[in-house]
Each structure stands twice: as structure tokens, then as C-alpha cells.
2 protein chains.
Amino acid sequence: MADDADDAYEEPLFQRVIEYAAAADRDIVRMVSGHPDWDPPAALREGLRAYADGDPETFQYPPREGLPALRGEIADRRGVEESQVIVTNGAAEANYLGMAEALDRDSGAEVLVTDPVYPYYPGRTTMLGGETTRVSVGDNGHVDVDAMRAAASGDTAAIVLNTPNNPTGAVYSLEAVAELADVAADVDALLVVDEVYDHFDFSGRFESAVTLDRDNVVVTTSFSKALGITGFRVGYAVFPADLVEAALTRHTLVNIAASRPAQAAVLAALEETPPAYYESVRDTIRGRIDDFTAALDAAGAAYTTPEGAFYVLVRFEGFPGTLANVQRLIDDTGVAAMPGAAFGETYDGWIRFSLCTDRVDEAADRLAAYFDGR
Amino acid sequence: MADDADDAYEEPLFQRVIEYAAAADRDIVRMVSGHPDWDPPAALREGLRAYADGDPETFQYPPREGLPALRGEIADRRGVEESQVIVTNGAAEANYLGMAEALDRDSGAEVLVTDPVYPYYPGRTTMLGGETTRVSVGDNGHVDVDAMRAAASGDTAAIVLNTPNNPTGAVYSLEAVAELADVAADVDALLVVDEVYDHFDFSGRFESAVTLDRDNVVVTTSFSKALGITGFRVGYAVFPADLVEAALTRHTLVNIAASRPAQAAVLAALEETPPAYYESVRDTIRGRIDDFTAALDAAGAAYTTPEGAFYVLVRFEGFPGTLANVQRLIDDTGVAAMPGAAFGETYDGWIRFSLCTDRVDEAADRLAAYFDGR
């Protein structure tokens, strides 16, 4: 466990790696970012075209909580009340609304997160005037429930989880999430669960925290990864009934509403896209996991096998996950990835590779050759 | 001048009027909201269609500060550095970023606004932990510079202006805005200028505060009104060079970026739309102002003649601008408008009519008949 009052967030380091790779004088296999490289569903494109032909009225403010049909579709699929759903500018805003509400309740100023952690959670905590406490994960990158329980106190305002997890690939059991909802409830805190990789479960174990139906659990997600549209900025939060109104006020004061053409396109995609689309994308990622890890086996590197999401953490002996080493890899192998140190201390010896490229074999071969020759 | 610690924001009252009008059992002329009823430019629709056909890569995160071509186009048009521009989720987010930065600078907790005022500014102030002080406007709804100077103190973090003004229709002189930049500078505060109605100047006097090039002035606006697309949520802020980075961090942590299809469509509209489009929309509003106020003259009502924006404040003798009276107007005349009391005390005897309908003649006739018969 480590306190870190000076928590920054991912972007600068992220940006520096991307810029370094862009400036490199060689061909680069890009494995830094979680930007899908697959096609969005045809119905999404069609929905956008149909929207472009609409009446001027359809170009004006949607209801601040989201287009009624989209909100209804989300509520139906998730088995929640439509009134609990706020359509947001991506999962980023949804998570921000959940965290802001937790810190606004005069019930503490501390946010508990795992280590490693997606750096935006500590970044948001700092922005909102709170303090982050990081709790190291346990085996296989899973949240350590007992350590979280030991860390929770009267000053805890929120526990923020991400499952399926970036960067460890762990898919938490619903039992673990339920236990953490109890831990949070015991100290009058909210549990905020970011499920942005909910469509990327390879374990068969993922169950959304919305099924817990607790009055202190906020669930956030987006269509960015599921539909391959990180640029559309359409996500949503499911709030407990008593917490919706305050979140909706904040959402309105910050953004008024999420962008309407993007909402309309997502609605069309949800209505018309067959399950085969999602399955095919999952199959693609599954194949990349197999190919990449098989090549890493051959290279003798240690790695995490993701149960979900689309990242692999790799540890090369004597080559820790620093920015300098990641830059060295770009120069010497033409493979760009994220330093594990960007996510905290627990995996700072590791490097995170995103599988959003169809060149994972080539990347693994280059890495194997490089480490074989060292 | 009035302190109001319990400042709410427009939406609930706004929503209540809209819902009341929707539930009314008669034909309603809708003059509540500032939702353009005119067609967006053809190039905007075409831009959206072209975007729908793009590579998967164009569906992913844009740069957090905005699409480079859009940011460049904005910088060129406004005569500022591209690095000063942050493309936001509408003017709402832009204004939120400016106000948040002012309150984050440890230079006071008070926000000075005019009275009447667009209710989101006090709402944002409360959300951000600040206190609002309202300063009554002077003649013709113009900001009272001397009263603002008298109100400013070491605790002032920001002065927030809106010009052309909603609801008074005043277009402030650049001299007045420059004086207020000095007032703000004297107490180490920021001046945040919301210019969302910048394309609706009928006075010929409007000059943007970006031309002042001050290191304590943040200018925010959007394409919502100019292009008739309030639902697209594309706006921007122009920050002084020293203040951009902190605003960009907040923007990233809250939203990551503005929605990309909407950004792409706005870019196409900016590149391809001739000046005649903007002129024609202005002519439409100018005609509605003339028609509506002429009919009000005939009815003997007092009103403001807007120098800019697209609202008319009207005072009917013995009929103050309360929610109850606005509901009575809906029932008895079928004209829906906003209570002046929603904007503060100074014009709480008045009612605000939005000119975003082609039925202003009919509305004025109904009002004239009603007040003639009372």
C-alpha cells in the first residue's frame, strides 16, 4: 500500500510515448493505446448517415439525461430503471460524476484504488480535492479484498474499481465486488465500478455490478470499446435512485448533454447489430492474446494472460517498465508500449502491450529477437 | 447587489415550464428555449455523411485539445495561437473550465456576475464551492462597470460576463469589457467572457474579448447557435498561454475530448459555409424582433429591444415574471416563455420570450388580445 499525494494521470506519459514513437525514424508496431483498430458495426455508420438527414429539431439539445430511446434501450439491457441511467460524454464523464458525488457527500476525502491503477482515477481524485490511497493487487492482478477492507476507514469516500481490469486483465468475481460494496457501506462510502471493458470477458465469469442493485454502488461504462468508437464519447452511468438527481445536476452544469449525433448513431448500432459482431471482435482479441503470449513463451518472458480487456503485461528480465526502457524498445525494436510504472508500483517492472493491432506476431518476434540478442 | 448563497441553476424551472407547456391541452407557441428552429448549413450535414464513411481510425479518440484542423481553423479566424484553443463539449464545458480554473487559483472564492444572469453561472459557482455575488445591470441591461468595480475585492476569483447578453440583449462595448479585465486584474481574478451569441450582433458594435489579448481573460463560445446545432456539443475556450495546461488537464480528466463526429461536421461547416448563411439567419432574427416588438407596441407593453442574441424581455403591467404567471399565460394564451425571476431580481417583473419560432406574430397577437381583455 502506498500513499501518493502527488498523483498525476496518464496523459502526459502516454503522450510522451506516442510522440516519441511518432518521431522515430522507423516502422513502429503501435501497442501503446487502447484505440480499437477494428471496424465499427455497419449500423453505426448507417445511423450517422440517417441522422444527418433529420429535421433541424433533431439537431438541438437532446434531453440532458440522454435520448429517451437510448436510455430506454440501456435500461432494458441492464435490467435497471430508466431513471437511474445518465448518458454521458464517454465513460470518462460517467466515472467523474460518480467520483465527484462520492467526494461531495461529506463522508470523507480519501479514494481507495488498486495498484496498478488506470491513472485517471488518481488524477480525478486530485482534481476533486481528495487523496488517493493505493492498495496493491493480489494474485493474478485481482483486487485484494482483505487489504481493501483493512485500508477503508471513516475518511474513505469511495472505492474505485475497474473490471475487466486495465492493465492487469483480471476479471473480478461478483462476490469480490459485492464484498467491496459492503466494505464501502460500512464506512459510508460509494463503490464506483468502471466496466468499460464489459464486452471483453474471456473468463466467462464477468457479471456486472448493476446486478447487485445496491444503494451505494455506481456503475459506469461506455460504448467506446464495445463498438470501436472511442472518439464518439458516448457512455453512461447507472446510479442508485437516491443519487441520480445530484449527478444529473453536475452533468448538466458541466456538459448539458452528450453529443446528439453520436447518441443517435449508438442507438442505431444497439438496435441493429447482431451478437455475431461482438463475438467476432472478441474472437479477434482472443486470437491476438494466443499469438502474442505464445511468442512471448518462446522468448522466455513472463506475462499476464488477460481474463478480460485487451492488454498484456510483460516482464523482461533485467529490463524494468520505465519510460527510458520503453523508449529504448521503440528505437531498437520498433515496438511501442506503455511503461508499467505509469500504473503504479506493483507492476513497475512490467510493460503493458495493447492488442489493438493486427501485427502482434511481428511485435513478439521483434521482442524475442531483441532479448535473445542481449 | 444581492448575495445568494443558495444559487440554483436554470434547468429545474426551465424544465418545469417546458413540461407544463407540453402537458397543456392546446396549441402552444414555444418561446421558452434558445433552440434554433432554422436549418443547419448544408455543409454540416454533408460533413457528417462524409465522416460516416471514414476509416476505423477516424472513429477513435481525437487529440484531447480538438481535431488539429478544427483547432487551426478556429485559431486563424480568431487571431490567436492554436495552442490557446481547447475544443470542448459545447460552451457549457468551456465556461466550466474557465470558472473552475479561476476558483482553483487560490485567489478567492467569490464569483461576480450580473443580475439578471444566465443561471448556469451561479449554478457552476456553487458546484465548484464558490460564492456568487450578483451586481445589478445598469441602463438597457448593460453591465454596470462602476458597480462591478465597487463589488470586486481580494476574495473575488472571477468576473463572469455574457455578451451579447441573455436575457437582456445588451451588447457590451469592448471598452467596458477591457475595464472589467482591469478590475479583475487589480484583484488577481480572471475575467471569463461567454460569447455564445457572437454571431447575433445587431448593433454592429460587438467585438470579441479575444482581441484584448489579456493574460487574465478567458473567452468561451460555441457553434451551437451560429450553426443551429445545440445538440452537437461543440464549443471552445481561448485561454491565456499560461492557463491552458491546467484547463487541458481538467478537460481531459472530465471528458477526454469532445465528440469526434460532431467536431468533423463543424469543421466541414466552417470550411464550406458562405457568409450568406450567417447573414440570412441574422436577418430572420432581425425580422422577428421587428415583428414581435411592433405587436408589443400595439399592446402597450414595455420591452427590451435586443442589440444582440435572440431574446426579448417584456413587462406587462401588473403581471410580474413569476412561474405562476408564466403558467397562466400558457393556459390562457398558448404562449410559453421563461419567467424573468429565473434570471434574478433585477428583471423579475419581466418575462423572457425566445425568438426561436416563426410564429412570433401570432404569439404577440395572442398576448395583445389577452392583456387588452384583462
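Let me begin with a single pair: the side chains of Arg49(A) and Glu46(A) meet in a salt bridge, at 2.8 Å from N to O. By salt bridge I mean a side-chain nitrogen of Lys or Arg within 4 Å of a carboxyl oxygen of Asp or Glu. Because Arg49(A) and Glu46(A) stand three residues apart in helix α2 (residues 42-52) of chain A, about one helical turn separates them. Helices and strands here are DSSP runs, numbered from the N terminus: H or I over at least four residues for a helix, E over at least two for a strand. As general background, side chains of opposite charge can pair when their charged atoms come close. Over all chains, the structure holds 43 salt bridges.

A word on the basis of these values. This is a predicted model, in which local features need pLDDT of at least 70 and side-chain atom pairs count only at pLDDT 80 or more, while totals for chains, interfaces and linings use all residues. Residues are numbered from 1 along each chain as its sequence is written, chains are lettered from A and ligands numbered from 1 in the order in which they are written, and side-chain values use heavy atoms, with hydrogens and water left out.

I turn to the relation between the two chains. A turn of 180° with a shift of 0.0 Å along the axis lays chain B on chain A with an RMSD of 0.0 Å; the copies are superposed by least squares on the C-alpha atoms of residues with pLDDT of at least 70 in both. The two copies are therefore related as by a two-fold rotation axis. Which residue of chain B comes closest to that rotation axis? That residue is Arg49(B), with its C-alpha at 2.6 Å. The same surface serves both copies, since 100% of the contact residues of chain B recur in chain A, contact meaning heavy atoms within 4.5 Å.

How many residues does this contact between the chains take? On the side of chain B there are 53 residues, in contact with 53 residues of chain A. The area buried between chain B and chain A is about 4,500 Å², and carbon and sulfur atoms give 57% of it. Buried area is the accessible area, with a 1.4 Å probe, that two parts lose on being put together, summed over both. In chain B, the residues that lose the most area to chain A are Phe59(B), Tyr61(B) and Leu253(B), together 16% of what that side buries.

Between chain B and chain A the count is two salt bridges. Arg49(B) forms a salt bridge with Asp53(A), with the closest N and O atoms 2.7 Å apart. There are also 34 residue pairs in polar contact between the chains, both residues at pLDDT 80 or more. A polar contact is a pair of N or O atoms within 3.5 Å; within protein, one must be able to donate a hydrogen and the other to accept it, and residues adjacent in sequence count only if both atoms are side-chain atoms. Elements of chain B that each supply at least two residues to this side include α1 (11-23), α2 (42-52) and α4 (90-104). By class, the side of chain B that touches chain A has 26 nonpolar, 13 polar and 14 charged residues. Here Ala, Val, Leu, Ile, Met, Phe, Trp, Tyr, Cys and Pro count as nonpolar, Asp, Glu, Lys and Arg as charged, and the others, Gly among them, as polar.

Next, the domains within chain A. The assignment gives domain 1 (2-39 + 276-368) and domain 2 (56-272), with bounds from an automatic or database domain assignment. Their contact takes 34 residues from domain 1 of chain A and 40 residues from domain 2 of chain A. The centres of the two domains, taken over C-alpha atoms, are separated by 25 Å. Between them about 3,100 Å² is buried, of which carbon and sulfur atoms give 53%.

Across this domain interface the rule finds one salt bridge. Arg205(A) and Glu307(A) meet through their side chains in a salt bridge of 3.4 Å, N to O. The rule also finds 17 residue pairs in polar contact across the interface of the two domains. On the side of domain 1 of chain A that touches domain 2 of chain A, α10(A) gives the most, with seven residues. By class, that side of domain 1 has 19 nonpolar, five polar and ten charged residues.

I close with the backbone. The peptide bond from Asp115(A) to Pro116(A) is cis, with omega near 10°, and Pro116(A) sits in the loop between β4 (110-115) and α5 (120-127) of chain A. In chain B, the peptide bond from Asp115(B) to Pro116(B) is cis, with omega near 10°. Asp213(A), in the loop between β7 (190-194) and β8 (217-222) of chain A, has a phi near 55°, a positive value in a residue other than glycine.
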